[in-house]
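This report goes through one protein model, feature by feature. Please keep the sequence and the structure in view while reading.

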Amino acid sequence: MKPHSLHDMYVEELKDLWSAENQIVKALPRMVKAASNGELKKALEQHLRVTERQVERLDRIFKELDASPRGKKCVGMEGVIEEGKELIKEKPEAPVLDAGLIAAAQHVEHYEMAGYGTVRTWASALGYDDQASLLEETLNEEKEADRILSDIAERSVNAGAEEGVGGNGRR
Ligand code: FE
Ligand code: ZN
Ligand code: FE
């Protein structure tokens, strides 16, 4: 549907995010299963719970707007998730796979941050202050997830991945 106003663009971007979030809810369990590092597994599991609440938050906003969240597929997120799937299919050794899973998850978080930053700002511009604060809550959760992933990578996973499996980390 061709958008004719900022309000239309806002609803379209919210639909895109709703599609993205629902794709993430499906993808995260696969990533949890593929991860070996305990902290990473836990972080991904926790973000799955958080993501489910983010979908509910979007549902509330659509209700307020009296609009349906359906009818759009976020092909950007589909591509980002596909790259993570390809990595898992390549079956790298555990520490290397963990490093790759963190990279894949951080791509997801950054894509979301771009979308939520936009809709939060548009909601304010349109005078939907309650929606703006709901969207900002989600934006902050995505930033926090990204920070936790960086922390796990820097403190444990990257070192393990660099050691590699055959003793030669530079393969
Ligand atoms: Fe999210
Ligand atoms: Zn998208
Ligand atoms: Fe997220």
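## Lys15 and its surroundings

In this predicted model, Lys15 touches Phe62, Ser68, Pro69, Arg70 and Lys72, leaving aside residues up to four places away in sequence. Lys15 itself is part of helix H1, which covers residues 6-34.

Lys15 is buried, yet no salt bridge is found for it. Which side chain of opposite charge is nearest to Lys15? That side chain belongs to Glu12, at 4.2 Å. A salt bridge requires a side-chain nitrogen of Lys or Arg within 4 Å of a carboxyl oxygen of Asp or Glu, so this pair does not count as one.

## Salt bridges

Side chains of opposite charge can pair when their charged atoms come close. How many salt bridges does a search of the whole structure find? The search finds eight.

Arg57 takes part in a salt bridge with Glu137, where the closest N and O atoms are 3.3 Å apart. This pair links distant parts of the chain, since Arg57 sits in helix H2 and Glu137 in helix H5 (residues 129-163), 80 residues apart. Arg57 has a relative accessibility of 9% and so counts as buried, whereas Glu137, at 41%, counts as partly exposed. Arg57 also meets Glu141 in a salt bridge, at 2.9 Å from N to O. Because Arg57 lies in helix H2 and Glu141 in helix H5, the pair ties together parts that are 84 residues apart in sequence. Both Arg57 and Glu141 are buried.

Another salt bridge joins the side chains of Arg120 and Glu136, with 2.7 Å between N and O. Here the linked parts are helix H4, which holds Arg120, and helix H5, which holds Glu136; the two residues are 16 residues apart. Arg120 is partly exposed, with a relative accessible area of 23%, and Glu136 is partly exposed as well, at 32%. Finally, salt bridges link Glu39, Asp151 and Arg155 in a network.

## The iron ions

Which residues supply the protein donors of the iron ion (ligand 1)? They are Glu21, which appears twice through OE atoms, Gln54 through OE1, and Glu112 and Glu142 through OE atoms. These donors lie 2.0 to 2.3 Å from the ion. Along the chain, the donors of the iron ion (ligand 1) follow the spacing E-x32-Q-x57-E-x29-E.

Gln54 is in helix H2 and Glu112 is in helix H4, so this pair ties together parts that are 58 residues apart in sequence. Are Gln54 and Glu112 buried or exposed? Gln54 is buried, and Glu112 is buried too. Glu112 also bridges two metals: the iron ion (ligand 1) and the iron ion (ligand 3), which lie 3.2 Å apart.

## The zinc ion

The zinc ion (ligand 2) is coordinated by Asp16 through OD, Cys74 through SG and Tyr111 through OH, at 2.0 to 2.5 Å. In sequence, these donor residues are spaced D-x57-C-x36-Y. Cys74 and Tyr111 link distant parts of the chain, 37 residues apart. Cys74 is in the loop between helix H2 (38-65) and helix H3 (75-89), while Tyr111 is in helix H4 (residues 94-125).

The two residues can also be described by their accessibility. Cys74 has 0% relative accessibility and therefore counts as buried. Tyr111 has a relative accessible area of 33%, so it is partly exposed.

## The largest pocket

Rolling a probe the size of a water molecule over the atoms shows where empty space is left. The largest pocket holds about 310 Å³ of space. Of the 24 residues that line it, the closest to its centre are Ala43, Leu44, His47, Glu109 and Ala145.

Which helices each supply at least two residues of the lining of the largest pocket? H1, H2, H3, H4 and H5 each do so.

## Glu83 in helix H3

Glu83 has its place in helix H3. With a relative accessible area of 53%, Glu83 is exposed. Glu83 and Ala104 are 21 residues apart along the chain, and their C-alpha atoms are separated by 7.3 Å.

Technical notes: Residues are numbered from 1 along each chain as its sequence is written. Chains are lettered from A and ligands numbered from 1 in the order in which they are written. This is a predicted model: local features need pLDDT of at least 70, side-chain atom pairs count only at pLDDT 80 or more; totals for chains, interfaces and linings use all residues. Side-chain values use heavy atoms; hydrogens and water are left out. Donors are N, O and S atoms within 2.8 Å of the metal (3.2 Å for Na, K and Ca); water is not among the atoms, so sites may look incomplete. Helices (H or I, at least four residues) and strands (E, at least two) are DSSP runs, numbered from the N terminus. Buried means under 20% relative accessible area, exposed over 50%, partly exposed in between (1.4 Å probe, protein chains only). Lys and Arg count as positive and Asp and Glu as negative; His and the chain ends are not counted. Contact means heavy atoms within 4.5 Å. On a 1 Å grid over the protein atoms alone, a cavity is a set of points where a 1.4 Å probe fits but cannot get out, and a pocket is an open set with protein on both sides within 12 Å along at least five of seven lines; lining residues have an atom within 4 Å of a point. Grid points are joined across faces, edges and corners, and a volume is the space filled by probe spheres set on the points.
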